[in-house]
Amino acid sequence: MSQKVRWGILATGGIAERFTTDVTTLDGAEIVAVASRTEASAKAFADRFGIPRAYGDWAGLFADEDVDVVYVATPHHAHREAAGLALEAGKAVLCEKALTLNAREAEELVTLSRDRGLFLMEAMWMYCNPLIRRLVELVREGAIGEIRTVQADFGLAGPFPADHRLLDPAVGGGALLDLGVYPVSFAQLLLGEPDSVQAHALLSPLGVDVNTGMLLGWSDKGASALLSCSLVADTPLTASVTGTLGRIDVPRGFFFPERFTLHRDGEEPEEFVNEDDPHSLRHEAAEVMRCLRAGATESALVPLDGSLAVMRTLDAVRDRIGVRYPQEDRREKPQEAEEPQEALVTQA
């Protein structure tokens, strides 16, 4: 592939706007097309960002020979179909998180990408953030010893309109896939896939989770993670990793940190500061472009096996709290964890 990477944007919502704005700051990145389910929406988006071509359907974007990689920014329920069609058309794909509605769909996408030798990555921008990468390095170097606990939360107070997508089960609504994916991904970035999952949730009248607490366990590591997500509470949005020799605290906005503090036994606290724009999505786009230029079909920063593991955990949480989406095969059974589980559900 040439140094220039040509992007196609699928969907025209807020996250697509942010991504497009940030990608235009990267050398060698060119956005050549955008698609939406309506021509008017696609054209308005194209006019706003100076994109040459606008398609009123997905097929036009996937057939565009000038598109190297498709950024899928649709709601969760459409990820499997959109990313799958893009891969079948021979396009590389960057797909928003959570990767799909469930682990089965994620496995289908990963299998398709690997069978066809095409690049696929979940848009977990947190993993590509320079400061998060530094935090992981410190942990792996043993700066805080062996991890014993991880705490992280992501909650918004709302209130959200009754017709908001976050409250709509038909599009994968609820706190877990939109917000909870961040605390879970943070914990698994450091500890891998848990072997024990417990959960408690408040469900809306339509059956999506609006307040969820999770306790994950790693029996082989002697570690646990206390995580939460909410659509009804403005939580601290912080994270903390505690080990046998110290602790790392990440302040509000842990998934796009401006700084974090390393506390080590017997030493003065050490602060690490993000010298770059922590809110930018360009780091994940740059990782995609680096991989494509290198001929790689997966990213080492956001590995597909890691995305699959996170989806299995999210499935396990939903199994415990009783959340199912209308599109799902009712016969599908989420993976059972090895340890005894606790399922506590409260109805709003």
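Colleague: Why is cysteine 291 called buried?

Modeller: Its relative accessible area is 1%, and buried means under 20%, with exposed over 50% and partly exposed in between (1.4 Å probe, protein chains only). Cysteine 291 therefore falls in the buried class. Please keep in mind that this is a predicted model: local features need pLDDT of at least 70, side-chain atom pairs count only at pLDDT 80 or more, and totals for chains, interfaces and linings use all residues. Residues are numbered from 1 along each chain as its sequence is written, and side-chain values use heavy atoms, leaving out hydrogens and water.

Colleague: How do you know that cysteine 291 is too far from another cysteine for a bond?

Modeller: The closest cysteine sulfur, in cysteine 128, is 8.7 Å away, whereas a disulfide needs two cysteine sulfur atoms within 2.5 Å. Cysteine 95 fails the test too, because its sulfur is 14 Å from the closest one, again in cysteine 128. By this rule the count is zero disulfides. Cysteine 95 is also buried, at 0% relative accessible area.

Colleague: Where does cysteine 95 stand in the sheet?

Modeller: In β5, opposite valine 72. Strand β4 (residues 69-72) and strand β5 (residues 92-96) run parallel and are joined by four bridges. Strands pair if DSSP finds at least two bridges between them, so four bridges make β4 and β5 a pair.

Colleague: What makes β3 and β6 the edge strands?

Modeller: Each pairs on one side only. The open sheet has six strands in the order β3-β2-β1-β4-β5-β6, with parallel pairing. From one strand to the next, the twist averages 25 degrees.

Colleague: Which helices lie across β1, β4 and β5?

Modeller: Helix α1 (residues 14-23) lies across β1, β2, β4 and β5, at about 165 degrees to β1. Helix α4 (residues 79-88) lies across β1, β4 and β5, at about 170 degrees to β5. Angles run from 0 to 180 degrees between N-to-C directions, with axes fitted to C-alpha atoms.

Colleague: Why is the pair of phenylalanine 154 and tyrosine 182 called tilted?

Modeller: Their centres are 5.6 Å apart and the planes are at 55 degrees. Rings of Phe, Tyr and Trp (its six-membered ring) pair if their centres lie within 6.5 Å, and planes under 30 degrees apart are stacked, over 60 edge-to-face and the rest tilted. The angle of 55 degrees is therefore in the tilted range. Phenylalanine 154 is in strand β7 and tyrosine 182 in helix α8, 28 residues apart in the chain. Phenylalanine 154, at 8% relative accessible area, is buried, and tyrosine 182, at 5%, is buried as well.

Colleague: What makes the pair of phenylalanine 255 and phenylalanine 256 edge-to-face?

Modeller: The planes are at 80 degrees, with the centres 4.8 Å apart, so the pair gets that label. Both of these phenylalanines are buried. They belong to a cluster of linked ring pairs that includes Trp125, Phe154 and Tyr182.

Colleague: Which charged end sits over the ring of tryptophan 125?

Modeller: That of arginine 18, 5.2 Å from the ring centre. The rule asks for NZ of Lys or CZ of Arg within 6 Å of the ring centre and within 35 degrees of the ring normal.

Colleague: How many bridges join β13 to β14?

Modeller: Four, and the two strands run antiparallel. Phenylalanine 260 stands opposite phenylalanine 272 in β14. In their hairpin, which has five residues between the strands, glycine 266 takes a positive phi near 80 degrees.

Definitions and conventions: Contact = heavy atoms within 4.5 Å.
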